[in-house]
Amino acid sequence: MLGTFTYYNPCKMHFGPDSLDSLTEELGCYGDAILLTYGGGSIKKSGLYDQVKSYLDKAGKTVYEVAGVMSNPTIEKLIEGCKVARDNNVDLILAVGGGSVIDYAKAVSVCAWCDDDPWEKYFARMEDPDNRIIPVGDILTMSGTGSEMNAGSVITNHKAGLKIGHVFGGDVIPKFAIVDPTLTFTVPDYQMKAGVFDAFNHIQEQYFSGTDDNVSDYVSEALMKSLVRNSRIAVNNPTNYEARSNISWICTWALNTFIACGKSTDWEVHMIGQSIGALTNAAHGMTLSAVALPYYRLIMPYGLPKFKRFATEVWGIDATGKTDAVVAKEGLDAMAQWMQEIGVVMHASELGLTSDMIDAAVKGAFILDGGYKKLTPDEIRQIIVESK
Ligand code: NZQ
Ligand code: ZN
């Protein structure tokens with residue numbers, strides 16, 4: 001059953017090996033002052049920076065840069081970008097990179113013209129934007145987060161020990177996204193796997209909610225099956241275009257709000273993962289893979305029919321003659337086997353989480369209630385301890 005919802009995604013997606021050419025057409029839609037944001041240097045090494053600069057030069061743009069956007073972008077870096085954007089009254093922020101760079105661009109887009117404290121207003125209090133928003137466009141170099149086509153922006157405040165994501169609303173969704181899967185060929189193996197698990201878990205966070213017959217669940221199952229299949233190919237052959245292009249497209253659809261339509265959605269794995277991420281600065285997808293199994297094993301009894309369906313539809317478990325609980329358990333075991341096979345992190349200690357950080361990790365994990373079980377702080381502790 002689908003209740004009432006509004007689906008709005010104004011992002012124009014240019015996909016495929018020749019998609020960078022669309023930049024000329026897109027740049028024509030904006031004024032002359034462009035803020036180019038990118039990360040720690042991968043785009044310089046790959047030659048993408050020079051390519052993008054030549055499109056900008058040909059279009060006659062004045063380019064301001066914020067380089068060195070780190071993984072898990074910080075509030076201090078955000079303030080730096082806001083100043084450059086505001087001082088130069090930029091017309092467009094062009095983000096070239098992975099989720100961190102694109103999230104960062106969206107945060108600058110909302111915070112640059114904010115006269116309040118941006119952390120307090122837009123991350124701690126999660127207010128809706130009420131100031132000028134600068135348009136964002138992106139060129140994606142790493143698949144996983146879905147940031148290229150959504151309104152999410154995750155910022156880390158190390159002083160507060162918090163990593164908070166705000167899903168802002170349609171006006172903050174990038175106006176265009178250029179997704180050339182060949183650009184992802186150079187992503188380090190560890191990051192590629194982190195991205196795969198991030199997207200897999202995005203689908204799970206939406207799938208494991210609700211008890212009705214919702215079309216989003218069928219779409220989610222197809223996306224998960226395809227992601228499992230293509231990730232197995234990509235870990236052995238990272239330049240297999242078919243696998244990498246399927247992965248890129250799945251990652252986009254895993255979190256561009258489409259499969260959330262009509263769903264309550266969960267997001268508790270992300271809350272625990274983000275808390276661990278705030279303390280360890282670990283790769284986001286790996287913070288999720290470290291805690292996902294203990295979490296799902298704990299909540300399985302509260303959503304048994306959906307976990308049984310996950311087992312039979314995604315993992316092909318034969319349910320004949322078995323109880324629902326056995327089938328559901330076999331599904332999670334199959335998921336664990338796939339995670340081991342592709343090589344994602346399965347213990348938070350591998351991310352640098354030590355016993356003395358557990359109290360802070362429990363405290364930093366927000367408790368949500370959209371899934372099958374609203375956790376208690378003790379249960380969050382149990383999951384984190386088990387994941388170590
Ligand atoms: O900084 P550079 O030098 O570019 O290197 C990056 C970085 O070290 C590298 N990389 C990216 N593309 C590359 C490449 N290296 C070689 N070749 C390429 N083509 O990969 C490293 C990781 O990049 P990063 O952007 O940090 O990874 P990811 O895409 O996983 O983004 C993570 C951030 O997104 C947030 C996470 O919390 C985290 O802060 N998320 C955003 C979401 C959203 N907007 O909806 C949802 C997610 O759940 C997530 O929370
Ligand atoms: Zn994620």
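1. A good place to start is a pair of helices. Helix α8 (residues 215–236) packs with helix α13 (residues 324–342) at an angle of about 20°, and their axes are 10 Å apart. Angles under 35 degrees count as roughly parallel, so α8 is roughly parallel to α13. Please keep in mind as you read that this is a predicted model.

2. Which residues of α8 and α13 make the contact? On the α8 side they are Val-228, Ser-231, Arg-232 and Val-235, while α13 brings Trp-338, Glu-341 and Ile-342. The crossing of α8 and α13 is left-handed.

3. Next, have a look at Trp-315. Not counting residues up to four places away in sequence, Trp-315 touches Phe-200, Val-228, Phe-310, Gly-331, Ala-334, Met-335 and Trp-338. Two of these names, Val-228 and Trp-338, may be familiar from the contact between α8 and α13.

4. Trp-315 also belongs to the largest nonpolar core, which has 67 residues. Trp-315 is listed with Phe-200, Tyr-296, Phe-310 and Met-335 as the residues with the most contacts inside that core. Helix α11 (residues 284–299) supplies the largest share of this core, 10 residues.

5. There is a second, separate core to find as well. This one has 38 residues, including Leu-35, Ala-85, Val-136 and Met-149.

6. Finally, try helix α7 (residues 189–207). How many of the 19 residues of α7 are buried? The answer is 16, so to speak of α7 as mostly covered is fair, since buried means under 20% relative accessible area. From its first C-alpha to its last, α7 reaches 27 Å, close to the 27 Å expected at 1.5 Å a residue.

Note on methods
Residues are numbered from 1 along each chain as its sequence is written. Chains are lettered from A and ligands numbered from 1 in the order in which they are written. This is a predicted model: local features need pLDDT of at least 70, side-chain atom pairs count only at pLDDT 80 or more; totals for chains, interfaces and linings use all residues. Side-chain values use heavy atoms; hydrogens and water are left out. A nonpolar core is a set of buried Ala, Val, Leu, Ile, Met, Phe, Trp, Tyr and Cys residues joined through side-chain atoms within 4.5 Å. Buried means under 20% relative accessible area, exposed over 50%, partly exposed in between (1.4 Å probe, protein chains only). Helices (H or I, at least four residues) and strands (E, at least two) are DSSP runs, numbered from the N terminus. Contact means heavy atoms within 4.5 Å. The expected span of a helix is 1.5 Å times one less than its number of residues. Axes are lines fitted to C-alpha atoms, for helices over the stretch in contact, and angles run from 0 to 180 degrees between N-to-C directions. Angles under 35 degrees count as roughly parallel, over 145 as roughly antiparallel, 65 to 115 as roughly perpendicular and the rest as oblique. A crossing is left-handed if the near helix is turned anticlockwise from the far one by less than a right angle, and right-handed if clockwise.
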